[in-house]
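Student: I've got a new structure to look at and I'd like to practise reading it. Could you take me through a few features?

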Amino acid sequence: MAVAPLPMVQMQLAFAIGLIGIYVGWRGTIARMTGFYDLSGAVKTLMFGLVAGVFAASAIDALLLSNIRSETVNIVWIGAVALVIAMAESAFALFLLGRPRTVGLRASAPYGWTLGLGFGSMRAAHLNVRLFDPEVWPGTTGFEAINIAVALALTLTACFGHAMITAWQGSRIIEHQRARTFFTSTLARAILIITTVLAVFTPILLIFVAPALVLLWDSSQRNWLPAGMTPAASQAYRRTIRGTAKHERAAEQRIPGHRVFEEE
């Protein structure tokens with residue numbers, strides 16, 4: 001029987017942290033889209049992302065992580081392998097989000113968000129296992145408090161990064177810009193793959209990706225995810241969001257024991 005690289009508790013924690021990225025990534029705009037999109041289809045797309053993420057993580061481990069550990073790889077090889085894996089992910093996303101039924105529902109962007117969460121979650125879970133393994137990079141990796149914090153940062157970076165890229169790809173598919181989307185998303189994914197893999201050995205590298213995620217967050221929530229809505233649906237969605245915020249403020253300001261009167 002093969003020996004696990006980590007004790008079972010540590011391995012389960014590594015995967016649990018990876019799955020946290022799905023929970024955090026599902027909050028926000030995508031969670032408010034119930035009724036505007038078929039979110040059961042989004043869950044199905046998430047499952048596809050989880051399966052595809054396992055294969056991508058295995059390829060990254062065999063072709064990148066193992067060679068970096070043995071110090072027999074150069075940056076040209078890393079870039080070439082990352083581009084090939086990124087092209088495979090972009091092609092899979094293009095196929096899945098460009099299906100006639102998905103495009104007909106104009107749901108390519110929210111489905112892309114959940115597909116990206118699946119990609120990122122499984123990739124992060126695998127990298128977390130390597131991060132907790134003291135044999136990967138002695139002196140840096142290992143099951144320590146600082147590396148648990150790094151695993152959380154790595155998970156959020158991978159999940160949000162893949163979700164934003166795939167949601168953008170889905171929003172462009174609706175606008176019939178598939179070819180341009182393929183090459184741009186491939187380059188973005190390759191950068192994300194290289195950064196997250198090298199972050200296992202040098203966690204400070206995550207700082208170079210974080211500003212891009214912060215800058216693109218607002219666009220992903222305001223523009224890319226609702227991209228497929230018709231003008232009437234978009235207006236109803238904005239009205240729902242405003243109403244939700246109003247009720248939340250009223251609940252926070254309500255004095256227990258006092259009746260709340262609202263003017264229509």
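Tutor: Sure, here are some questions and answers on a helix, two loop residues and some aromatic rings; keep in mind that this is a predicted model.

Student: Let's start with helix α8. At which residue does it bend?

Tutor: Helix α8 covers residues 210-224. Its axis changes direction by about 35 degrees. The residue at that bend is L216.

Student: Which helices are included in what covers the buried residues of α8?

Tutor: First, pick out the residues to be covered: L213, S220, Q221 and W224 are the buried ones in α8. Then look at what covers them, which includes residues from 108-132 and 145-174. Those two helices are α5 and α6.

Student: Now the loops. Is R106 buried, partly exposed or exposed?

Tutor: You'll find R106 in the loop between α4 and α5. It isn't a glycine, yet it has a positive phi of about 55 degrees. That's worth a second look, because most residues other than glycine have a negative phi. As for exposure, R106 has a relative accessible area of 33%, so it counts as partly exposed.

Student: And H176, is that one buried or exposed?

Tutor: H176 sits in the loop between α6 and α7. Its phi is positive too, near 60 degrees, and H176 is a residue other than glycine. The cut-off for exposed is over 50%. H176 has 68% relative accessibility, so it counts as exposed.

Student: On to the rings. What kind of aromatic pair do W113 and W217 make?

Tutor: The structure holds six aromatic pairs. In the pair of W113 and W217, the ring centres are 6.0 Å apart and the planes are at 65 degrees. Planes over 60 degrees apart meet the cut-off, so this pair is edge-to-face.

Student: How many residues apart are W113 and W217?

Tutor: W113 belongs to helix α5 and W217 to helix α8. Their pair links distant parts of the chain. The separation is 104 residues.

Student: Which of the two is buried, W113 or W217?

Tutor: Buried means under 20% relative accessible area. W217 has 31%, so it is partly exposed. At 1%, the buried one is W113.

Student: Which residue forms one aromatic cluster with W113 and W217?

Tutor: We've already met W113 and W217 as a pair. Their cluster has one further member. That residue is F160.

Student: Last one: F182 and F183 form a pair, so which of them is exposed?

Tutor: F182 and F183 are edge-to-face, 5.3 Å centre to centre with 80 degrees between the planes. F182 has 15% relative accessibility, so it counts as buried. At 60%, the exposed one is F183.

Key:
Residues numbered from 1 in each chain as written. Predicted model: local features only at pLDDT ≥ 70, side-chain atom pairs only at ≥ 80, totals over all residues. Heavy atoms only, no water. Bend = angle between axes of the 7 residues up to and from the residue. Helix = DSSP H or I, 4+ residues; strand = E, 2+ residues; numbered from the N terminus. Buried < 20%, exposed > 50% of the residue type's maximum accessible area, 1.4 Å probe, protein only. Contact = heavy atoms within 4.5 Å. Phe/Tyr/Trp six-rings, centres within 6.5 Å; stacked < 30°, edge-to-face > 60°.
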